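Visitor: I would like to learn how to read a structure like this one, feature by feature. Could you walk me through it?

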Amino acid sequence: MTAGAGSAGAFRRAVDRACAAARGARRALARFAPRPSAFGAAADAEAAAVRGVRNARTFRYHYASLQWALLLASLAAAGHRASVLFLMAASKVLLVCLGLLAPFPRLALLRRLVAAAFVALVLADIAAAGAVANLMAALAVGVPVIVLHASFRVRDDLEGPSTENGEEEEADEEAAVVEKREDGDAEAGPTRRSTAVAPRSPK
């Protein structure tokens, strides 16, 4: 009975984690490519370069995830199963290390060193497995997509709507507070009058 309950609880937690991961992936994808109107050509080459640099900073994790997925898919298709498993384990170790270092802003240099060590480890594994061609193929597919996205992704909807939504939410909260206070005063008024002691009539 206890073992069955424990198995059911573990399965439920696994399902919850999978659902949370799916929701996070959906939000990330919606932010990465929300709608066709979020893309547009820049006015000139300089504006496109500035937009590309800003988008590279904003979507750096999206771009890294895309390139990483393409690399793993290329290795898996070529039969480099050991390399795929090793790189997946190494990526999890990297995420754990970066997560532990995230609360310490002064350790930014250490985070960069950890990321550089991870890249060197990936390149060494690919070279040892003889999968340099797979790396080049993944880069040939991913880099043009990243460059096009960074050049054409408009940033207006990344900041404007969120600020407006935040102001609207704050206004709604303030209105709700005012309404509650008014309701409380309206309710408290008669209560105070009813609890007041009426003057006694002289006998």
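Guide: Gladly, and let us begin with a term: a residue is buried under 20% relative accessible area, exposed over 50%, and partly exposed in between. Please keep in mind that this is a predicted model.

Visitor: With that in hand, which exposed residues sit on the face of α5 turned away from its buried side?

Guide: That outward face of α5 carries Leu109, Arg112, Leu113 and Ala128, which are exposed. On the other side, the buried residues of α5 are Phe118, Val122, Asp125 and Ile126. Viewed along the helix axis, those buried residues fall within an arc of 100 degrees, so they line one face of α5.

Visitor: What do the buried residues of α5 pack against?

Guide: Their partners are α3, α4 and α6. As for the helix itself, α5 has 22 residues and spans 32 Å from its first C-alpha to its last, close to the 32 Å expected at 1.5 Å a residue. After α5 comes Gly130, with a positive phi near 70 degrees.

Visitor: Now the core. How should I think about it, and which of its residues touch the most other members?

Guide: In soluble globular proteins, nonpolar side chains tend to be buried together. Here the largest nonpolar core has 13 residues, and Leu71, Leu75, Leu87, Phe118, Val122 and Ile126 touch the most other members. Two or more residues each come from α3 (60-77), α4 (81-101), α5 (108-129) and α6 (132-152). The largest share, 4 residues, is from α4. For one close-up, take Val122: leaving out residues up to four places away in sequence, Val122 touches Trp68, Leu71 and Leu87.

Visitor: How many aromatic pairs does a search of the whole structure find?

Guide: The general idea is that a pair of aromatic rings is described by the distance of the centres and the angle of the planes. The search finds 2 aromatic pairs. In one, the ring centres of Phe59 and Tyr63 are 6.2 Å apart with planes at 45 degrees, so the pair is tilted. Phe59 is buried, because its relative accessibility is 0%, and Tyr63 counts as buried at 7%. In the pair of Trp68 and Phe118, the centres are 5.5 Å apart and the planes are at 50 degrees, so this pair is tilted. It links distant parts of the chain, with Trp68 in helix α3 and Phe118 in helix α5, 50 residues apart. Phe118 has 14% relative accessibility and therefore counts as buried.

Visitor: Where does UniProt place the feature "transmembrane region"?

Guide: The unreviewed UniProt entry places it at residues 84-102 and 135-152. We can set the model beside that record. Residues 84-102 are 95% helix and 0% strand, with the end C-alpha atoms 27 Å apart. Residues 135-152 are 100% helix and 0% strand, and there the end C-alpha atoms are 26 Å apart.

Visitor: And which residues does Asn134 contact, leaving aside its neighbours within four places in sequence?

Guide: Asn134 lies in helix α6 and is in contact with Ser74, Leu75, Ala78 and His80. Asn134 is buried, because its relative accessibility is 14%.

Visitor: One last case, then: is Ala73 buried or partly exposed?

Guide: Ala73, found in helix α3, is partly exposed, because its relative accessible area is 45%. Its C-alpha atom is 8.4 Å from that of Ala138, although Ala73 and Ala138 are 65 residues apart along the chain.

Notes: Residues are numbered from 1 along each chain as its sequence is written. This is a predicted model: local features need pLDDT of at least 70, side-chain atom pairs count only at pLDDT 80 or more; totals for chains, interfaces and linings use all residues. Side-chain values use heavy atoms; hydrogens and water are left out. A nonpolar core is a set of buried Ala, Val, Leu, Ile, Met, Phe, Trp, Tyr and Cys residues joined through side-chain atoms within 4.5 Å. Buried means under 20% relative accessible area, exposed over 50%, partly exposed in between (1.4 Å probe, protein chains only). Contact means heavy atoms within 4.5 Å. UniProt positions are given in the numbering used here, feature names are shortened, and annotations may be inferred rather than shown by experiment. Rings of Phe, Tyr and Trp (its six-membered ring) pair if their centres lie within 6.5 Å; planes under 30 degrees apart count as stacked, over 60 as edge-to-face and the rest as tilted. The expected span of a helix is 1.5 Å times one less than its number of residues. The arc is that of the directions from the helix axis to the C-beta atoms.
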